[in-house]
Amino acid sequence: MTSVAVVGAKPASPATITLTIDGVRAQTQRGQSVLEACREAGIYLPTLCYDPDLEPYGGCRLCMVEVEGMRGLPTACTLPAQEGMVVRTESPQLDAVRRDTLELILADHAGDCLICRKNGHCQLQEVSSYLGVDCRPALLREPTRPVDRSNPFFDFDPNKCILCGICVRACAELQGAHAIDFAWRGLETKVTPSGGGLWIDSNCEYCGECLIRCPTGALAPKNSQKASRYVKSVCPYCGVGCSIRLGIRGDRIVSVAGDKESPVNNGRLCVKGRFGIIEAVHSPNRLTKPLIKRDGNFVEANWDEALDLIAQKFHEIRAQHGPEALGVIASARIANEANYLAQKLARAVLGTNKVDCCARICHAPSVHGLLRSFGSGAMTNSLAEIEEAHTILLIGSNTTEAHPTVGSGIRRAVQRGTKLIAADPREIELAKIADIHLPLRPGTDAALANALAHHIIAQGLQNQKFMDERTEGFEEFWAVVQKYTPEYAEGITGVSAEKIKRAAELYARGQPGMIVYCLGVTEHRTGVVSVQTIANLALITGFVGQPSSGVNPLRGQNNVQGACDMGALPEFLPGYQRWDNPEHVKKFEDAWGVKLPKTPAHYPLIFCSRMWDDILKGNLHGLYIIGEDVALTEGNISKVRKALQSLDFLVVQELFMTPTAELAHVVLPAAGFAEIDGTFTDSERRVQRVRKAVPSPGECKPDWQIVCEISNRLGYPMNYQNADEVFEELRKLMPNYGGITYRRLEEHPGLQWPCPDEAHPGTRFLHKEKFTRGLGKLVGIEQEPPEEVPDEEYPFLLTTGRVLQHYNCASMTEQVAGVVQLVPENLVEISPKDAEALGLKGGDLVRVVSRRGAVKARVKIRQIAEGVVFMPFHHKEEPTNLITNDALDPICGTAEVKACAVRIEKRIKTL
Amino acid sequence: MSDTRARSQLIPLLQKAQQKWGYLASEALREIARELRIPESKVYGVATFYAQFKLTRQGKRSVKICRGTACHVRGGARILAETKKRLGLQEGETSPDYQHTLETVACIGACALAPCLTINEEVHGRLNTIKVAALFGGEEDA
Ligand code: SF4
Ligand code: SF4
Ligand code: SF4
Ligand code: FES
């Protein structure tokens, strides 16, 4: 860009500058521009191309000023403020030139304010009125260029565009997507989506950063209504936990904006957060009344009928088969308070330890792996620290799509010089900009991590002091790792030894180095141990326990961290307190006034991934599932469905009639995130408040209240007045949450655990001087292959994951018309070479077949390791998990949904 | 990526691709973007900024009508109209059989020969509608 680079550059020494603006003394910090100094002094200067979050541009020239001793009329936005500067913002000359300039801008602007969607908050209007320039001639001009209405969320009207470049810069600098740029030249110059065609055919990610910043009506939302009040909340769509402001009008959400004050997302959102909330919350498909299945059909019931039936059935099953014949699956989507009460219901009321949540399907290996290596199973650092890392080693995380605002943060960091190593079978967006892309075969993460460790040690790049002082287990570690030379690992991973060596050196030399990983590592039967091999890397380099340095699993669902924290896991009591610690057990027995069920003396624990066999064996007869669509999201769902169908009694508490709910005997309508008070804990251990913003539809109730009503009917009174009371109980039992209160959450933008007391500010990063377990544990682990490897009959290795627009089982995102338009059906990604060999073209319909079943999908050709294909798992019409494998990690019971053998059959009839 | 760096790396490659294929197809632009690790949108922006780059397949004969002042005063508009009529093309269009592409240019620089046009590199001057008809009348393959 043509901007003056000095602005925004790091100041030599932080210093205050004094200057004179319009005869008045003003102060600002070194590094600020004259425009910023004016704004700080409360002086308005007309601007059209300035945006405080973007690099200065100097394009519109409206902010010009006079500076004593300087020739010409410099633009204030690009002029660094300097000591002693004497600035005039107003003079007859300035006024005349500004008006001329604005008239030139207006000469290319065609549009009628009265019917423009930006009317009233258009910056062009504001500037025109300030300068007394009539912007009505625009009305008389014929718009000559076609409006691009192709994308589902906003329109682009080039006739109204003033070429300020804010959208182009926002897309490049903030989102890092570079989906749009100026094309053509002179009078023809036009903001153009990549590819030169329509917006919908570009690589736009629909983050909306361009849209919310456009100063004119050129970019305008399809639907917009002004709100009458605002409520702070948290996005319900992923583990990042972006903070949002819901705009409410009457009893409906009419707008969603990112919260600029939030340290999590600084105002940024992704397509789901920005455009996917309103239609999901206010969907006409929401469940609104309790339903009871009678003769195979659901009939509406009132709450008393439904709850009485549940109590009666649970009672009967317990009487007949014992408490262990009952189970509860809590949810990574519901609030902490409800999760806490759900596990309490299981353990204290039903008397069973068969309680789990959807963390089982994703990051249970992280909880166990990091607990074994470090002593705490959560992200070691904060999300914001990722952007400050010198080097990021990214493994098995398609961050751009699965954790979008973190993904754009990584892109911003790379644009500023952070080094990036991306290990992923696919050429994901971040692999395209990475310094090194390691396209490994799915399920070979341990071999890769071992080889990286081998090379670091072979080159003497380890942090010996850190290893001596803070780790143990080197001998055992090295006994295994010494054979993992990069050359040896090349044979297993498919990544060249040379690349492995370069990556090892880049990571080990990058101070601070940060590891970010996700489900590519964990959703294998070797998940726990693979996580530990990754933790090894941090332990030998000492890249843990500092800012921007650690091992960071990105948690998937909005409250999966919280659900684990609350003890919705059979292997832990709330706060990861332990069954094998009598004090911990006694604490809960005293607090709850009951004896806890006997556990886990008898391993294996019944994780939810083991419940299906447990049901089929006749050990589990009644199940209460809250907000999880296991019939779609587990591995090998044919078995899951069979198990659910053979239950004596299934209760499902949901927002929508999901495939799991279809199989229930009783369905309970729950209130959504915008309809309740409560807390979510995001991936960086930050506990944040959601607030009741709108009433629930129909007779929906908050999850925690429903649990209480069931408990009361089973003779264990749960009489909480509100969610706050539930939180008070749980925080007193969980040392890490001890200092977090609803009152403090009003004052802070969330608090990160550990937060032991009410004076504690929360913890940005873990393991500073000491690991939670004392010493960090190095372990030597051999790479085991996935249970299924390709063979003649099933020659491809299938791996699965998310797409940007959908969220897991898609029960919420499929309510959003724009999302459905963008990703209407299941797809299978395949490398160009494999596609050619099979005679496939993009858009062909194929059948993907495994030993367990077959699904239809559209072919998408993309750079991916040969022999590997990828499918998302969102579409209930053609559910990918019909074919995935349910081989379990022996330690934590996570299914190997990221690797199974498949073949691809061309459809006989192409549509 | 700064504009200048993008351009300095890009332009030689765009020229090469255009030499090879005669124009820059969208697949070619995408490949170049991937190769140079420059955003596709930037590649498109640069490719469209320079008139020398063609984004669509061009006709065998590139016909350029001069819009310079000298041509204008000597009836350039009629030459353009006649050419459009003869070729059945608007400015910027290519005939479906890829024989002709019609464009106008700011000035060919042969003002002494005004009004004039070029067919590929060859200048045809002192034109009138009859001469234009002769140039394009029927024998499209010349
Ligand atoms: S919505 Fe986001 S990705 Fe799309 S053009 Fe705008 S800024 Fe770029
Ligand atoms: S679309 Fe809006 S933000 Fe983008 S250049 Fe035009 S006026 Fe500026
Ligand atoms: S990144 Fe996650 S939390 Fe943020 S807006 Fe998107 S889905 Fe919501
Ligand atoms: S705001 Fe300074 S030039 Fe546009």
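**Notebook: salt bridges, ligand shells and chain B**

I started with A:Glu709, which counts as partly exposed because its relative accessibility is 22%. The cut-off for buried is under 20%, so A:Glu709 does not qualify as buried. A reminder to myself: this is a predicted model.

**Entry 1, the A:Glu709 pair.** I looked up what A:Glu709 pairs with, and found a salt bridge between its side chain and that of A:Arg713, at 3.7 Å from N to O. Why are they about one helical turn apart? Both sit in helix H29 (residues 703–713) of chain A with their positions 4 residues apart, so the separation is about one helical turn. A:Arg713 has a relative accessible area of 29%, so I logged A:Arg713 as partly exposed. Next I noted a network in which salt bridges with shared partners join A:Asp51, A:Asp53, A:Glu209, A:Arg213, A:Lys260 and A:Arg274.

**Entry 2, a buried pair.** I then checked A:Glu387 and A:Arg412, whose side chains form a salt bridge at 2.8 Å, N to O. The two are 25 residues apart and link distant parts of the chain: A:Glu387 is in the loop between helix H12 (383–386) and strand S16 (391–395) of chain A, and A:Arg412 is in helix H14 of chain A. Are these two residues buried or exposed? A:Glu387 and A:Arg412 are both buried.

**Entry 3, a helix-to-helix pair.** The side chains of A:Lys501 and A:Glu487 make a salt bridge too, at 3.0 Å from N to O. A:Lys501 is in helix H20 (residues 497–509) and A:Glu487 in helix H19 (residues 486–493), both of chain A, so this pair ties together parts 14 residues apart in sequence. With a relative accessible area of 27%, A:Lys501 is partly exposed, and A:Glu487 is partly exposed as well, at 45%. How many salt bridges are there over all chains? I get 68.

**Entry 4, ligand 3.** Which residues surround ligand 3? I listed A:Cys235, A:Tyr237, A:Cys238, A:Gly241, A:Cys242, A:Leu269, A:Cys270, A:Lys272, A:Gly273, A:Pro404 and A:Thr405. Helix H7 (271–275) and helix H14 (404–415) of chain A each contribute at least two residues to that shell. H14 had already come up, as the helix that holds A:Arg412. By class, I have 7 nonpolar, 3 polar and 1 charged around ligand 3.

**Entry 5, ligand 2.** Around ligand 2 I have 14 residues, and the closest are A:Cys161, A:Cys164, A:Gly165, A:Cys167 and A:Cys214. The class split for ligand 2 is 12 nonpolar and 2 polar, with no charged residues.

**Entry 6, chain B.** I moved on to chain B, which has 6 helices and 4 strands. Read from the N terminus, its elements go α-α-α-β-α-α-β-β-β-α. The C-alpha atoms fit a box of roughly 50 × 30 × 20 Å along the principal axes. Of the 142 residues in chain B, 42% are buried. I also looked at its contacts with a separation of 6 or more: 64% of them are between residues 24 or more positions apart. The accessible surface is about 7,900 Å², with 52% of it belonging to carbon and sulfur atoms.

**Entry 7, one residue in chain B.** I picked B:Ala77, which is in helix H5 (residues 76–87) of chain B. B:Ala77 counts as exposed because its relative accessibility is 56%. Its C-alpha atom is 8.1 Å from that of B:Arg67, with the two residues 10 apart along the chain.

Technical notes: Residues are numbered from 1 along each chain as its sequence is written. Chains are lettered from A and ligands numbered from 1 in the order in which they are written. This is a predicted model: local features need pLDDT of at least 70, side-chain atom pairs count only at pLDDT 80 or more; totals for chains, interfaces and linings use all residues. Side-chain values use heavy atoms; hydrogens and water are left out. A residue is near a molecule or strand if one of its heavy atoms lies within 4 Å of it. Ala, Val, Leu, Ile, Met, Phe, Trp, Tyr, Cys and Pro count as nonpolar, Asp, Glu, Lys and Arg as charged, and the others, Gly among them, as polar. Buried means under 20% relative accessible area, exposed over 50%, partly exposed in between (1.4 Å probe, protein chains only). A salt bridge is a side-chain nitrogen of Lys or Arg within 4 Å of a carboxyl oxygen of Asp or Glu. Contact means heavy atoms within 4.5 Å. Accessible areas come from the Shrake-Rupley method with a 1.4 Å probe; for residues, only the protein chains shown count as cover.
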